[in-house]
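Open the model in your viewer and keep the selection tool at hand. Each stop below says what to select and what is there.

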Amino acid sequence: MDAQETVREAPAGFRVIEEGKARILFPDTDGVFYNPCQVFNRDFSVLNLKAFAKLRKQEQGEKFQGLKVLEALAATGLRSMRFALEVPDIASITINDLSPDAVDVIKKNVEFNGLADSTSPVCIPNIGDAVDLMHSRRRDRFDVIDLDPFGSPTVFIDSMVNAVEEGGLLLVTCTDMGVLAGNHPGTCYAKYGAVGCKTPACHEQALRICLGALATAAARTKRHIVPLVSMSVDFYIRVVVRVYTSAAKVKGVATQLAMFHHCTGCRAWQASPLGHAKTKNGNVSYHASSAPLTSPCPHCAYPQTMAGPLWCGPLHNAEYLKLLETEVMEAPETIKSVPGLRGYVRTMQMELEAPMYFALDFLVGTMHCSSLPRRTLIAGLLSHANIRGETYHVSKTHACPRGLKTDAPHAAVWDVMRAWVLSGNPVSKKCGPEAPAHRLMATEGLVDPKLIDFEFPVPEGILCDEPLHLPKPERWGPGKLPKKKALPVTSDKRVAE
Ligand SMILES: C[S@@+](CC[C@H](N)C(=O)[O-])C[C@H]1O[C@@H](n2cnc3c(N)ncnc32)[C@H](O)[C@@H]1O
Ligand SMILES: [Zn+2]
């Protein structure tokens, strides 16, 4: 049945909200959560489900029976309505929320969108604690679980990683960016089992903390994750991972987690994986890492702090990004976030796997010198490689518009910054004698005027800026919690916050 043909007026006490192909009823009373600016998140999720359905169909061939989807924290059910109306090959969608008010609205919306008698997909509104529901479905699993909490997803992670089918998909949002960005290391450890620190690459740190928490939880039941897309957007992150079971592979999880040593002066970082793999006669064995890292910082002699354990494996999967790009390029007009999503996916496709990034403004701020054009830093690093007879790569990052990822050593970055200072951009006189800038200037390294070469060729792709963000809606942010009464707190207070 075509939802558009069943369009009705909103009953008293409700208004109609349109998004994608869905039209939902939203109550005038402040009891159920809806955040208009998360349309980007929902558009992204719809396209991911479309890509995943095709992938799953291709992998499973005749055995494919359509995706069994769970929206664990559904609020109005808008996201599920969009899945039902916009993604082919969904067998069923369980649309769950703890709040009775929300589930009443979900039921109305299933009806309002003409999906009440639908057999493809079957829409199943459900009231319950998402943890209990997912725990109870650890044998009869879902192909896809979408988790979109207020703040942190961590209370749901243990049950979620076990309620998803072999090779199934998890889509997880975190909006507690203050915690993930290193402002509250104690809270971060309590929730995610990792300490965050203050770093200019805080958005990538957030992604790596979340992936680390998923990987660690999955490993407890012999499961492991493969990240497909890890996205930092505005005030939140969203990760998309597949989950598999393998007693052999989980032994390697320690090699995908690392402590990151960050300098408190120049913020250079170094990753120290928790384990490493050795292969002998075709057999892989895993060992604890040995090398303690240098402290103080080799570049500016300031003390170092430690963050982690963070995921240090890939953030994205190149093959999957191609599928997602196709979905973005072929998206219907109803998906309004296409320009921004195209920018994200293309930038992610170019991103180096090297962990973390430099924020250009932070480098200039540390040196207390005049602003350095991004092209000049990239050219400087490539020229450094040329002089040294090495190969370095540089890329943009979707997580920071003025950020650069590189596999060049940090020393090379500071060599280029020193050359910039020496080429007529001196350290400010206001900068105290103990500041990292003076120590960095005094550190030995490659001194060569060719490091500042405005003519040095730089690959086109690094410089072209894809639009990453759409104009911000009026009310921008994670959204306001509904009134307390709408959310019954379970006995163990298992409500995400
Ligand atoms: C951020 S909203 C979800 C928004 C929705 N996914 C969307 O795209 O519009 C979070 C929802 O989680 C629900 N919730 C919070 N804790 C829960 C729990 N333990 N189990 C089930 N639902 C819960 C809240 O009632 C709220 O409706
Ligand atoms: Zn330093």
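Select helix α1, residues 39-60, together with α2. In this predicted model, the two helices pack at an angle of about 35 degrees, and their axes are 10 Å apart. The crossing of α1 past α2 is right-handed. Now show the side chains of the contact. From α1, pick R42, S45, V46 and L49. From α2, pick L78, R79, R82, F83 and E86. Colour them by class: four are nonpolar, one is polar and four are charged.

Stay with α2 and step back into the loop that runs between β3 (67-71) and α2. A75 lies in this loop. Check its backbone: phi of A75 is near 55 degrees, a positive value in a residue other than glycine. Most residues other than glycine have a negative phi.

A75 also leads to the ligand. Which residues come nearest to ligand 1? Select L73, A75, L98, A130 and D148, the nearest of the 25 residues around ligand 1. Next, widen the selection to the elements that give two or more residues to the shell. These are α2 (78-86), β4 (90-97) and α4 (130-136). So α2 appears at two stops: it packs against α1, and α2 contributes to the shell around ligand 1. Colour the shell by class as well. It has 15 nonpolar, four polar and six charged residues.

Two peptide bonds come next. Most peptide bonds are trans. Go to S120 and P121, which are joined by a cis peptide bond with omega at about 0 degrees. P121 sits in the loop between α3 (100-112) and β5 (122-127). Then jump to G308 and P309. The bond from G308 to P309 is cis too, with omega near -5 degrees. Where is P309 found? Its place is in strand β14, residues 304-311.

Move on to helix α10 (residues 318-329) and helix α11 (residues 338-350). Their axes come within 10 Å and cross at roughly 160 degrees. That angle makes α10 roughly antiparallel to α11. The crossing of this pair is left-handed. Show L321, L324, E325 and V328 in α10. Opposite them, show V338, L341, R342, V345, M348 and Q349 in α11. The contact of α10 with α11 divides into seven nonpolar, one polar and two charged residues.

The last helix pair is α13 (residues 374-388) with α14 (residues 410-422). How far apart are their axes? The axes lie 9 Å apart, and the helices pack at an angle of about 120 degrees. That makes α13 oblique to α14. The crossing of α13 and α14 is right-handed. On α13, select L377, G380, L381 and H384. On α14, select A412, V413, D415, V416 and A419. This contact of α13 with α14 has six nonpolar residues, two polar and one charged.

Finally, clear the selection and zoom out to the whole chain. The protein has 16 helices and 17 strands. Its radius of gyration is 24 Å, close to the 23 Å that the globule rule gives for 497 residues, so the protein is as compact as a globular protein of that length. Turn the view to the principal axes. Taken along them, the C-alpha atoms fill a box of roughly 75 × 55 × 45 Å.

Methods
Residues numbered from 1 in each chain as written. Chains lettered and ligands numbered in written order. Predicted model: local features only at pLDDT ≥ 70, side-chain atom pairs only at ≥ 80, totals over all residues. Axes fitted to C-alpha atoms, helices over the stretch in contact; angles between N-to-C directions. Helix = DSSP H or I, 4+ residues; strand = E, 2+ residues; numbered from the N terminus. Parallel < 35°, antiparallel > 145°, perpendicular 65-115°, else oblique. Left-handed = near helix turned anticlockwise from the far one by under 90°. Contact = placed C-beta atoms within 7 Å. Nonpolar A, V, L, I, M, F, W, Y, C, P; charged D, E, K, R; others polar. Near = placed C-beta within 6 Å. Rg over C-alpha atoms; globule rule 2.2 N^0.38 Å.
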